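Subject: Structure handover

Hello,

Here is the structure we talked about. Please open it alongside this note; the findings follow below.

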Amino acid sequence: MGTTPTGVVEAAFRHYRSQDRDAAFPLYADDFTFTSPQDDHIGKSAFFERCFPTADRFREQRLLHVTATDDELVFVHYEYEPATGGRYRNMEAITVRGGQIREVFFGGRV
């Protein structure tokens, strides 16, 4: 696993897809927050309870771009196909500090 911000983010996506919670869990800081239209600033335990176990909802997920904008912020652009069909693209802004993911912003209130 790379310790660069992009390496940490790529590893997190890989572990999500394979549902390797034990490998993913240490990549997220204890004060981690996740924000999306459905989840407003939830913490690490809620993220791993609600969001992490959802990989089976997707037939495919492919990272298109994983781009560091500075020493901490990584933009991820990906394409996915839900099990129900269709194809979609999305972006996330992920803050990585000290080799751990501190925040994922996936849309929602600020």
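L63 touches E10, F13, V76, H77 and Y78, leaving aside residues up to four places away in sequence. This is a predicted model, so please read everything here in that light. L63 lies in strand β3. Is L63 buried, partly exposed or exposed? Its relative accessibility is 31%, so L63 counts as partly exposed, since that class runs between 20% and 50%. As for distance, the C-alpha atoms of L63 and T33 are separated by 22 Å. Along the chain, these two residues are 30 apart.

Next, the sheet. It is open and has 6 strands, with mixed pairing. The strand order is β2-β1-β6-β5-β4-β3. Which strands form the edges? They are β2 (42-43) and β3, and each pairs on one side only. Helix α1 packs on the sheet, where it touches β1, β3, β4, β5 and β6. The direction of α1 makes about 175° with that of β3.

Now two of the pairings. Strands of a sheet pair through backbone hydrogen bonds, and they do this either parallel or antiparallel. Both senses come up here:

- β1 and β6 pair in the parallel sense, over 4 bridges. Y28 has I101 in β6 as its bridge partner. T35 stands opposite F105, also in β6.
- β1 and β2 run antiparallel and are joined by 2 bridges. T33 stands opposite G43 in β2.

The hairpin of β1 and β2 has 6 residues between the strands. H41 is in that loop. Its phi is near 55°, a positive value in a residue other than glycine. Most residues other than glycine have a negative phi. At 42% relative accessibility, H41 counts as partly exposed.

Q19 is another residue to look at. It lies in the loop between α1 and α2. Phi of Q19 is near 55°, again positive in a residue other than glycine. Q19 counts as partly exposed because its relative accessibility is 32%.

Then helix α3. Which of its residues are buried? They are K44, A46, F47, F48 and C51. Note that a lysine, K44, is on that list. The buried residues of α3 pack against two helices, α1 and α2 (21-24), and two strands, β1 and β2.

Last, the pockets. Rolling a probe the size of a water molecule over the atoms shows where empty space is left. The largest pocket has a volume of about 630 Å³. It is lined by 23 residues, and those closest to its centre are Y16, F34, T54, F58 and F106. Which elements give two or more residues to the lining? Two helices do, α1 (5-18) and α3 (44-51). So do the strands β1 (28-35), β3 (58-68), β4 (73-82), β5 (88-97) and β6 (100-105). What is the lining made of, by class? It has 14 nonpolar, 5 polar and 4 charged residues.

If you want a route through the model, start at L63 in β3. Follow the strand order across to β2 at the other edge. Then turn to the largest pocket, with Y16 and F34 among the residues closest to its centre.

Best wishes

Notes:
Residues are numbered from 1 along each chain as its sequence is written. This is a predicted model: local features need pLDDT of at least 70, side-chain atom pairs count only at pLDDT 80 or more; totals for chains, interfaces and linings use all residues. Side-chain values use heavy atoms; hydrogens and water are left out. On a 1 Å grid over the protein atoms alone, a cavity is a set of points where a 1.4 Å probe fits but cannot get out, and a pocket is an open set with protein on both sides within 12 Å along at least five of seven lines; lining residues have an atom within 4 Å of a point. Grid points are joined across faces, edges and corners, and a volume is the space filled by probe spheres set on the points. Ala, Val, Leu, Ile, Met, Phe, Trp, Tyr, Cys and Pro count as nonpolar, Asp, Glu, Lys and Arg as charged, and the others, Gly among them, as polar. Two strands pair if DSSP finds at least two bridges between them. Contact means heavy atoms within 4.5 Å. Axes are lines fitted to C-alpha atoms, for helices over the stretch in contact, and angles run from 0 to 180 degrees between N-to-C directions. Buried means under 20% relative accessible area, exposed over 50%, partly exposed in between (1.4 Å probe, protein chains only).
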